[in-house]
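Here's a quick briefing to read with the structure open. Have a look at the fold and the ligand, then work through the points below.

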Amino acid sequence: MINKNAKIYIAGHRGMVGSAIWRTLEKQGYTNLIGKTSKELDLRNQQDVLEFLEAEKPEIIIDAAAKVGGILANNDFPYQFLMENIQIQNNLIDGSLKVDVKKFIFLGSSCIYPKFAPQPLKEDYLLTDSLEPTNEWYAIAKITGVKTCQAIRKQFGKDYVSMMPTNLYGTHDNFDLKSSHVLPAMIRKFHEAKENNNANVVLWGSGTPLREFLFVDDLAEAVVFALDNELPEYLYNVGTGTDLTIKDLAELIQKVTGHQGEIEWDSSKPDGTPRKLMDISKMHDLGWKHRVELEDGIRKTYNWFLENIENYKEVKL
Ligand SMILES: NC(=O)c1ccc[n+]([C@@H]2O[C@H](COP(=O)([O-])OP(=O)(O)OC[C@H]3O[C@@H](n4cnc5c(N)ncnc54)[C@H](OP(=O)(O)O)[C@@H]3O)[C@@H](O)[C@H]2O)c1
């Protein structure tokens, strides 16, 4: 068991994932959490990261810092998605090894798995075929992070573990229509269309791809589970184990927001991978399971969006 006073550095603690992890750790009685904004510490700078880690000597690091974005952002800025993510994770992981950080939890995403891998996606499918081209830059950076942690595990016997969440959503998400993920983008579009006399909502793609969504607080509990227990393997999927079509998702969000117009599908926009469902049996076997079902999670997120309508996050490309 980790001591509740252990110093835990959460990289990216103001992001959707990092802030959920911070809240969950606080709720569970962890008292010595540290975080730095990107203005205070640019994780792309190797020297600055090493000096910070040498000064603070955290016992545990949770890496929830990354350059994150949807299909369009990945497609338009391949270099930044590849390079910045590699820089951030390399500086944190190599710095952790140098200052002897006991435990490191690396967060990636389901895009690390091949585009046409069998479904549901098992951890073993990593590197068995080619990636989805629209976000391969981000995926290659994340695969490098998984492999770096695995190499440290293998060579130095340290508890460095990677967790791959499915698509996440929840409070503190990015609601910018160009750079956000599908679920928050839909919440905003349906809300604004409702306010605009129930105008029609135009959505990207065909609506047929299948996707899985996990409420971010559930992911945070999985991370705390990984912190409290020494997990036996190097890589774990985290999800709900169920998926739905983008069309069904749109109808659910339409219902929650109360929009009453039509939905139009713009099939000139890319769909991405046809299906992405995680096999989460490894985490289930260890005893973790999600708690928030999709409709409930969308309601929580929409309520938060309404409460923060003046100042919700919009990441500009
Ligand atoms: N969102 C999803 O659907 C999803 C799904 C699966 C996995 N994940 C994983 O979860 C992790 C976090 O995602 P998120 O959705 O929480 O993203 P987010 O809300 O954009 O947060 C990312 C955080 O990273 C920090 N950051 C970015 N560049 C930095 C830099 N150069 N120096 C220091 N800090 C930097 C930002 O700090 P500031 O706020 O201080 O600028 C921000 O707090 C990522 O590894 C991502 O792959 C996310």
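Is Lys57 buried or exposed? Lys57 is exposed: its relative accessible area is 52%, and the cut-off for that label is over 50%. Keep in mind that this is a predicted model.

**Ligand pocket**

- The shell around the ligand has 26 residues, and those that come nearest are Val17, Ser38, Gly108, Tyr138 and Lys142.
- By type, that shell splits into 13 nonpolar, eight polar and five charged residues.
- Two helices, helix 1 (16–27) and helix 5 (136–156), each put at least two residues into the shell.
- On the side-chain front, an N or O atom of Tyr138 sits 2.2 Å from a ligand oxygen, and one of Lys313 sits 2.9 Å from a ligand oxygen.
- Leu43 joins in through its backbone, with an N or O atom 2.9 Å from a nitrogen of the ligand.
- On its own the ligand would expose 900 Å², and the protein buries 87% of that.

**Annotated binding site**

- An unreviewed UniProt entry lists Lys189, Trp204, Arg211 and Asp271 under "binding site".
- Trp204 belongs to strand 7 (residues 201–204) and is partly exposed, at 31% relative accessible area.
- Beyond its neighbours within four places in sequence, Trp204 touches Leu72, Lys189, Trp265, Asp266 and Lys269; Lys189 is itself on the UniProt list.
- Asp271 sits in the loop between strand 12 (263–266) and strand 13 (275–276), and at 30% relative accessibility it is partly exposed too.
- Again leaving out neighbours within four places in sequence, the contacts of Asp271 include Ile71, Gly205, Thr208 and another residue from the UniProt list, Arg211.
- Ser206 is also in contact with Asp271, and their side chains make a polar contact at 2.7 Å.

**Backbone oddities**

- Lys57 isn't a glycine, yet its phi is positive, at about 45°; you'll find Lys57 in the loop between helix 2 (46–56) and strand 3 (60–63).
- Asn197 is another non-glycine with a positive phi, about 55°.
- Look for Asn197 in the loop between helix 6 (182–195) and strand 7, where Asn197 is exposed at 70% relative accessibility.
- The Gln119 to Pro120 peptide bond is cis, with omega near -5°, and Pro120 falls in the loop between strand 4 (103–107) and helix 5.

Conventions. Residues are numbered from 1 along each chain as its sequence is written. This is a predicted model: local features need pLDDT of at least 70, side-chain atom pairs count only at pLDDT 80 or more; totals for chains, interfaces and linings use all residues. Side-chain values use heavy atoms; hydrogens and water are left out. UniProt positions are given in the numbering used here, feature names are shortened, and annotations may be inferred rather than shown by experiment. Helices (H or I, at least four residues) and strands (E, at least two) are DSSP runs, numbered from the N terminus. Buried means under 20% relative accessible area, exposed over 50%, partly exposed in between (1.4 Å probe, protein chains only). Contact means heavy atoms within 4.5 Å. A polar contact is a pair of N or O atoms within 3.5 Å; within protein, one must be able to donate a hydrogen and the other to accept it, and residues adjacent in sequence count only if both atoms are side-chain atoms. A residue is near a molecule or strand if one of its heavy atoms lies within 4 Å of it. Accessible areas come from the Shrake-Rupley method with a 1.4 Å probe; for residues, only the protein chains shown count as cover. Ala, Val, Leu, Ile, Met, Phe, Trp, Tyr, Cys and Pro count as nonpolar, Asp, Glu, Lys and Arg as charged, and the others, Gly among them, as polar.
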